[in-house]
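The exercises below concern one model of two chains. Each has a task sentence and a solution that proceeds in steps.

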Amino acid sequence: MAEPDWTFSPTAFEREFERLRRQITDAFGGLSLSSGFGGGFPALNIYDQGEEICIALQVPGVAKDSLNLEMRESNLTITGRREAPDYGNADILREESLYGEFRRSFRLPFKIKQDSIQAECKNGILMIRMPKTGESRPRHIAINA
Amino acid sequence: MATEVEKQKRREPSKKQEAAGNAENLSEIGRSFLPDTGIRETEEALILQLDLPGVDKGGVSIEVDETNTLRIKAKNSFQEPENNLFREFEIGNYFRSFRLGEEFDKDNMIAKLELGVLEITLPKKEEVKPRRIAIQA
């Protein structure tokens, strides 16, 4: 009922930034944009090393045997679980960490040598290295009006 | 309430440092992040859990000073590859401090780092633990 007392007018810079982000997430089809919580748990970064793609995920407190990486055609799915610690009869005074099951899934725009995928989980960071085959999938070209 | 949680803003450490001229070298940590923290209390102890992804055992410093301030500093040793395409997290060091109540036995503090999570247990002093009173028949 009440009108907002501010309106959001994106500046040209913000529009350009949004467009860039969308291009990247479209290339990695299905990768959810996130600024903090919501779609982006656990947080991940993607790096292009030329010969290989690296994906790093922040997974503190996640047991290695709960992590599962699945590659189906060009779709990569990462699942896992962070168990909440059990201290018996404890009062929780503050809780900032997220617990429970997580699942992140996206399509890679490059062809990957599936047999050469390596993953290492160290100090709460999962690093996935995926060597490219060199053939690239057809690029999705965004049409700018 | 067992503790007051004091969020240390990035600028505060350097102001305090200048004012007090103390030797505490917070500048070696530089720009730092607040790690996600969980605080739990049992009858026996206070347990803190800090998420420190990218930190290995040698990179953590835990101190309690005479004002009962617990300071945790951690250096991130994660080597980030170049050419970032998409980013949801930043790489950096961690710092957080907490004010502790008098009821904790600081000398018997235990810390362990597993899977990138630092767990600190502060046992309560004996006299503070709840005593069970037997009812005479």
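**Exercise 1. Characterise the fold of chain B by its contacts, burial and secondary structure.**

Step 1. Take the contacts in chain B between residues at least 6 apart in sequence: 59% of them join residues at least 24 apart. The model is a predicted one.

Step 2. Chain B has 137 residues, and 28% of them count as buried.

Step 3. List the elements: chain B contains one helix and ten strands. Along the sequence they follow the pattern β-α-β-β-β-β-β-β-β-β-β.

**Exercise 2. Describe the side of chain A that touches chain B, and find a strand pairing between the chains.**

Step 1. Count the residues in contact: 31 of chain A meet 30 of chain B.

Step 2. Assign the chain A side to elements. β1 (44-48), β2 (52-58) and β5 (91-95) of chain A each supply at least two of its residues.

Step 3. Sort that side of chain A by residue class, which gives 15 nonpolar, eleven polar and five charged residues.

Step 4. Look for bridges across the interface. β1(A) is joined to β7 of chain B (residues 84-86) by two bridges, and the two strands run antiparallel. Within this pairing, I46(A) stands opposite F86(B).

**Exercise 3. Give the strand order of the five-stranded sheet and identify its edges.**

Step 1. Trace the pairings in sequence: the order is β5(A)-β3(B)-β4(B)-β10(B)-β9(B), in an open sheet with antiparallel pairing.

Step 2. Find the strands that pair on one side only. These edge strands are β5 of chain A and β9 (110-114) of chain B.

Step 3. Read the twist, which averages 15° from one strand to the next.

Step 4. Examine one pair inside the sheet. β4(B) and β10(B) are antiparallel and share seven bridges. Among the facing residues, Q49(B) has E119(B) in β10(B) as its bridge partner.

**Exercise 4. Locate the largest nonpolar core and say which elements build it.**

Step 1. Take its size and its most connected members. The largest nonpolar core has 20 residues, and those with the most contacts inside it are L46(B), L48(B), L50(B), L52(B) and L118(B).

Step 2. Map the core onto elements. β4 (45-51), β6 (69-74), β8 (93-100) and β10 (117-123) of chain B give two or more residues each. The largest share, five residues, comes from β4(B).

Step 3. Follow one member outward. Leaving aside residues up to four places away in sequence, L48(B) touches T37(B), I39(B) and I120(B).

Step 4. Look for a separate core. Another one, of 17 residues, lies apart from the largest, and its members include I53(A), A56(A), F106(A) and I125(A).

**Exercise 5. Why is one side of β3 and of β6 in chain A left without a neighbour in the sheet?**

Step 1. Write down the strand order. Chain A has an open sheet of three strands, β3-β4-β6, with antiparallel pairing.

Step 2. Apply the edge criterion. β3 (68-72) and β6 (100-107) of chain A stand at the edges with a single partner strand each, so each has one side that lacks a neighbour in the sheet.

Step 3. Add the twist: from one strand to the next in this sheet, it averages 15°.

Step 4. Check one of the pairings. Five bridges join β3(A) to β4 of chain A (residues 75-82), and these strands run antiparallel. One facing pair is E70(A) with T77(A) in β4(A).

How values were computed: Residues are numbered from 1 along each chain as its sequence is written. Chains are lettered from A and ligands numbered from 1 in the order in which they are written. This is a predicted model: local features need pLDDT of at least 70, side-chain atom pairs count only at pLDDT 80 or more; totals for chains, interfaces and linings use all residues. Two residues are in contact if their C-beta atoms, placed from the backbone, lie within 7 Å. Helices (H or I, at least four residues) and strands (E, at least two) are DSSP runs, numbered from the N terminus. Ala, Val, Leu, Ile, Met, Phe, Trp, Tyr, Cys and Pro count as nonpolar, Asp, Glu, Lys and Arg as charged, and the others, Gly among them, as polar. Two strands pair if DSSP finds at least two bridges between them. A nonpolar core is a set of buried Ala, Val, Leu, Ile, Met, Phe, Trp, Tyr and Cys residues joined through C-beta atoms within 7 Å. A residue is buried if 20 or more other C-beta atoms lie within 10 Å of its own, exposed if 12 or fewer, and partly exposed in between; C-beta atoms are placed from the backbone. Axes are lines fitted to C-alpha atoms, for helices over the stretch in contact, and angles run from 0 to 180 degrees between N-to-C directions.
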